[in-house]
Amino acid sequence: MSKRIVIIGAGLAGTTTARELNARGQAVTVIDPQAGETCERPPLSKHLFDGSRHHLPYHLESTEHITFVRDRAEEITLAEAALESRYTAETQRHPHPLENHHATAGAIQLASGESIDFTHCILATGMEAIRPEVPAYPDALPVYDLADAEWILERVNNANRPLNVGVLGSGYLGMEVASSAVAAGHHATVYLRGDEPLRKQLSAPVRQALFDKHKAAGVEFVTHTSGPDDIPADVHDLFITSVGARPRLIPVDGHRPAHAWDVDESLATSHPGVFAAGDCAIVTAGPYALDHPWACEPVAESHGKFLAELLGEGAGEPSNKGENDSESASGSGPEGGPKVWSDVPWHWSFQGPEKVFTAGLTSPDADDTLIRHDPSGSKFQVFHFDGPDLESRLVGVETFNWPPMQAAARRVLGGSNIPTRAQIADPDFDFKAHSRL
């Protein structure tokens with residue numbers, strides 16, 4: 001046994017990594033109180049009101065290579081665990097001793113008081129919803145996990161008339177809930193701090209288009225709501241909060257980051273042998289570095305596949321410098337350097353009948369974008385560039401109600417023939433045809 005890979009978290013990033021490592025014949029241990037029972041989050045907010053399947057299990061089952069530990073990880077210590085506290089199933093899980101050159105990097109301390117040693121640990125703990133108290137609606141819940149969604153769904157299914165739904169917050173989840181409620185014949189009111197929804201997610205043209213569509217469909221908006229205390233009582237039959245989420249973080253040798261785990265282009269943290277993936281990671285280097293977690297499902301899945309390839313192909317030992325050595329931990333990339341996570345990040349949000357996508361690097365504050373519409377004028381794309389010059393390169397695309405062109409955007413951004421601002425600005429330029437070059 002050359003490696004002991006332990007994944008903390010059984011969300012999309014963790015289960016994807018485990019599944020891919022299992023396919024490579026690499027043993028892996030998954031720690032999560034709900035290991036094997038977690039579910040995909042997007043349908044929770046998109047399909048509460050339309051009668052379709054509202055959650056999708058991740059379908060990760062225990063195999064000869066995948067072991068579940070249904071416990072809560074409390075802390076990681078970068079030192080070998082004491083023999084008397086070893087996890088009771090350790091000898092069954094790892095009957096063969098480690099080779100000398102794969103020394104244990106640390107141990108994960110469990111809530112049970114036991115611990116599990118590792119050579120490589122992947123933090124995939126995801127996020128937890130912020131749960132504000134709404135004085136007028138003490139039973140208000142976010143739509144962020146299966147238990148909350150099932151409680152809300154029971155209220156919806158037991159209703160014998162259209163519901164009056166209140167939503168605090170106007171990010172993706174809040175807008176998905178409100179718009180899907182109205183599409184199903186209910187009434188929805190969104191309370192937001194500013195004067196428009198999706199201010200932190202989408203550029204002005206896209207968020208304004210969604211705002212107009214939702215108002216036309218019947219979603220009501222109460223702008224400039226200062227806080228939960230402003231919500232009137234005895235108005236709504238059901239109240240849902242959507243004011244954001246924060247990463248679940250486990251201390252490593254007593255250190256817990258303020259926001260999320262900073263990782264390099266190989267998804268390695270500064271702690272030897274410890275990687276982070278999905279919503280608890282901030283990628284600080286590489287082509288898709290960002291100053292906050294990507295917090296979207298396609299990125300979590302992409303991170304999982306990347307780490308499985310990275311660690312399943314003979315990842316080197318953690319360095320003894322207090323940091324992961326990307327070259328030894330990652331192996332060589334296409335040009336002899338370290339492997340780099342470089343999949344095009346993308347995100348989608350289905351808000352009732354409206355569909356919005358992003359791909360690559362986009363900014364809600366961008367004001368030097370280019371917009372291209374379809375012949376009807378009802379569908380469009382917003383193109384983001386790495387500078388204002390005509391020769392600046394395309395770095396991101398937002399797509400409104402035009403799924404085939406979202407696919408084209410992902411192909412273009414993932415290829416080697418990236419168009420410039422001058423090309424996109426040319427009315428004769430065929431972006432879809434360019435995506436097939």
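Ala, Val, Leu, Ile, Met, Phe, Trp, Tyr, Cys and Pro count here as nonpolar, Asp, Glu, Lys and Arg as charged, and the others, Gly among them, as polar. The views below show a predicted model.

**View 1. Lining of the second largest pocket.** The second largest pocket holds about 940 Å³ of space. Its lining is made up of 38 residues, and those closest to the centre of the pocket are Asp 32, Thr 38, Thr 125, Met 127 and Arg 248. Four elements each contribute two or more residues to this lining: helix 1 (12–23), strand 6 (73–77), helix 4 (146–158) and helix 7 (297–312). Sorted by class, the lining comprises 21 nonpolar, seven polar and ten charged residues.

**View 2. The open sheet of strands 6, 7 and 8.** Three strands make up this open sheet, arranged in the order 6-7-8 with antiparallel pairing. Strand 6 and strand 8 (115–118) are the edge strands, each of them paired on one side only. On average, neighbouring strands of the sheet are turned by 20° against each other, with direction ignored. Strand 7 (residues 106–110) and strand 8 run antiparallel and are joined by four bridges. Within this pairing, Ile 108 has Ile 116 of strand 8 as its bridge partner. Strand 6 also appears in View 1, as one of the elements that give two or more residues to the lining of the second largest pocket.

**View 3. Cys 121 and Cys 280, two cysteines outside any disulfide.** The structure contains zero disulfides. Cys 121 takes part in none, and the cysteine sulfur nearest to its own, that of Cys 280, is 9.8 Å away. Cys 280 is likewise in no disulfide, its nearest cysteine sulfur being that of Cys 121 at 9.8 Å. A disulfide requires two cysteine sulfur atoms within 2.5 Å. Cys 121 has a relative accessibility of 0% and therefore counts as buried. Cys 280 is also buried, because its relative accessible area is 0%.

**View 4. Leu 267, a residue other than glycine with positive phi.** The phi of Leu 267 is positive, at about 65°, although the residue is not a glycine. Leu 267 is located in the loop that runs between strand 17 (261–263) and strand 18 (274–276). With a relative accessible area of 0%, Leu 267 is buried, the cut-off for this term being under 20%.

**View 5. Hairpin of strand 20 and strand 21.** Strand 20 (residues 346–351) and strand 21 run antiparallel, and six bridges join them. The two strands form a hairpin with two residues between them, and Gly 352 in the turn has a positive phi of about 60°. Ser 349 has Val 356 as its bridge partner in strand 21. Six of the seven residues of strand 21 (residues 354–360) are buried, so this strand is largely enclosed by the rest of the structure.

**View 6. Pairing of strand 21 with strand 24, and the loop that follows strand 24.** Strand 21 pairs with strand 24 in the antiparallel sense, over five bridges. For Thr 358, the bridge partner in strand 24 is Glu 398. Asn 401 is placed in the loop between strand 24 (394–400) and helix 9 (403–413). Although Asn 401 is not a glycine, its phi is positive, at about 55°. Asn 401 counts as buried because its relative accessibility is 16%, which lies under the 20% cut-off.

**View 7. Surroundings of Leu 394 in strand 24.** Leu 394 belongs to strand 24 and is buried, with a relative accessible area of 4%. Thr 420 is separated from Leu 394 by 26 residues in sequence, yet the C-alpha to C-alpha distance between them is 5.8 Å. Thr 420 lies in the loop between helix 9 and helix 10 (421–425). At a relative accessible area of 12%, Thr 420 is buried. Leu 394 and Ile 424 are 30 residues apart in sequence, and their C-alpha atoms are 8.6 Å apart in space.

Methods
Residues numbered from 1 in each chain as written. Predicted model: local features only at pLDDT ≥ 70, side-chain atom pairs only at ≥ 80, totals over all residues. Heavy atoms only, no water. 1 Å grid on protein atoms, 1.4 Å probe; cavity = no way out; pocket = protein on both sides within 12 Å on 5 of 7 lines; lining within 4 Å. Points joined across faces, edges and corners; volume = space filled by probe spheres on them. Buried < 20%, exposed > 50% of the residue type's maximum accessible area, 1.4 Å probe, protein only. Pairing = 2+ DSSP bridges. Axes fitted to C-alpha atoms, helices over the stretch in contact; angles between N-to-C directions.
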